[in-house]
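Biologist: I've got a fold open on my screen and I'd like to talk it through with someone. Can you walk me through what the model shows?

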Amino acid sequence: MFRPSSARDPTFILHHAFIDYVWEKFRQKQERLGENPEYYPSLGKTSETDKYNLTAFHNATNVMACFPWMKNKDGYRSDYVGILYEYEDSPKCPDCGKSKYITCNEKLNRCIGIVPTESEEENSSPWIIIGGAITFGIIIVCFLLARSKKSHSRSSYSKI
């Protein structure tokens, strides 16, 4: 049975892939600055009667709720990066990866997105319409399939 959840949403997956990328870039920066990115900082002590005692849950040696074979401090490890996956570097000035979608901002010395011109928008508009129609069609088909499975499961229970 299909259960809708955010984890099945492509936007959710892309968002978290980006969050992972930002986290890895942060870890790399920590290493360049001479910090150990695998160090899990202590959170200090709070009163045991404190209603929001986060130290009890975020201690370095606590077992992760969803990953019982891992401890909190394992989330800071870097031994799986480069084995399971690795990230390319972000485009840099002056050529910005020779992309037609970004350009170098000389003042910031960073690559930034380009605002499309009217001629580019006119050329791409048929593809936007076609892509939108296909996406809409897929959503309708998924909705109808989910609805038919739902009504099928109801009818099977009524026979019992």
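Biologist: To get my bearings, in what order do the elements of the protein run from the N terminus on?

Modeller: Keep in mind that this is a predicted model. The protein has 3 helices and 2 strands. Reading from the N terminus on, the order is α-α-β-β-α.

Biologist: What share of the residues of the protein count as buried?

Modeller: A residue has to fall under 20% relative accessible area to count as buried. The protein exposes about 14100 Å², and carbon and sulfur atoms supply 61% of that area. Of its 160 residues, the buried share is 9%.

Biologist: And how much of the contacts with a separation of 6 or more comes from residues 24 or more positions apart?

Modeller: A contact here takes heavy atoms within 4.5 Å. Among contacts in the protein with a separation of 6 or more, residues 24 or more positions apart account for 27%.

Biologist: Which residues does UniProt list for "domain: Tyrosinase copper-binding"?

Modeller: That label comes from an unreviewed UniProt entry, and such annotations may be inferred rather than shown by experiment. In the model the span is 92% helix and 0% strand, with its end C-alpha atoms 17 Å apart. The entry lists residues 9–20.

Biologist: Let's turn to Arg 27. Is Arg 27 buried or exposed?

Modeller: Arg 27 is found in helix 1, which covers residues 10–32. The cut-off for buried is under 20% relative accessible area. Arg 27 comes in at 2%, so the call is buried.

Biologist: Which residues does Arg 27 touch, not counting residues up to four places away in sequence?

Modeller: Leaving out residues up to four places away in sequence, there are partners such as Pro 37 and Glu 38. The list also takes in Tyr 76, Arg 77 and Ser 78. In full, Arg 27 touches Pro 37, Glu 38, Tyr 76, Arg 77 and Ser 78.

Biologist: With which residue does Arg 27 form a salt bridge?

Modeller: The closest N and O atoms of this pair are 3.3 Å apart, and the rule asks for a nitrogen within 4 Å of a carboxyl oxygen. Both partners lie in helix 1, 3 residues apart, about one turn of the helix. The partner counts as buried because its relative accessibility is 8%. That residue is Glu 24.

Biologist: The structure holds 2 salt bridges. Which residue meets Asp 89 in a salt bridge?

Modeller: The side chains come to 3.1 Å, N to O. This pair links distant parts of the chain, 64 residues apart: Asp 89 sits in the loop between helix 2 and strand 1, and the partner in helix 1. Asp 89 is exposed because its relative accessible area is 58%, while the partner is partly exposed at 21%. The partner is Lys 25.

Biologist: Now the rings. How are Tyr 21 and Tyr 87 arranged?

Modeller: By the ring rule there are 4 aromatic pairs. A pair of aromatic rings is described by the distance of the centres and the angle of the planes. For Tyr 21 and Tyr 87 the centres are 5.3 Å apart and the planes stand at 75 degrees, so the arrangement is edge-to-face.

Biologist: Which residues do ring pairs link into a cluster with Tyr 21?

Modeller: Tyr 21 is in helix 1, and Tyr 87 is in the loop between helix 2 and strand 1, 66 residues apart. Tyr 21 is buried with a relative accessible area of 16%, whereas Tyr 87 is partly exposed at 27%. Ring pairs link Tyr 21 into a cluster with Phe 18 and Tyr 87.

Biologist: Which peptide bond is cis, with omega near 10 degrees?

Modeller: Most peptide bonds are trans, so a cis one deserves a look. Pro 94 is found in the loop between helix 2 (55–58) and strand 1 (102–105). The cis bond runs from Cys 93 to Pro 94.

Biologist: In that loop, Cys 96 has a phi near 55 degrees. Is Cys 96 buried or exposed?

Modeller: Most residues other than glycine have a negative phi, whereas Cys 96 has a positive one. Lys 98 also has a phi near 55 degrees, but Lys 98 is exposed at 73%. Cys 96 has 1% relative accessibility, so Cys 96 counts as buried.

Definitions and conventions: Residues are numbered from 1 along each chain as its sequence is written. This is a predicted model: local features need pLDDT of at least 70, side-chain atom pairs count only at pLDDT 80 or more; totals for chains, interfaces and linings use all residues. Side-chain values use heavy atoms; hydrogens and water are left out. Helices (H or I, at least four residues) and strands (E, at least two) are DSSP runs, numbered from the N terminus. Buried means under 20% relative accessible area, exposed over 50%, partly exposed in between (1.4 Å probe, protein chains only). Accessible areas come from the Shrake-Rupley method with a 1.4 Å probe; for residues, only the protein chains shown count as cover. Rings of Phe, Tyr and Trp (its six-membered ring) pair if their centres lie within 6.5 Å; planes under 30 degrees apart count as stacked, over 60 as edge-to-face and the rest as tilted.
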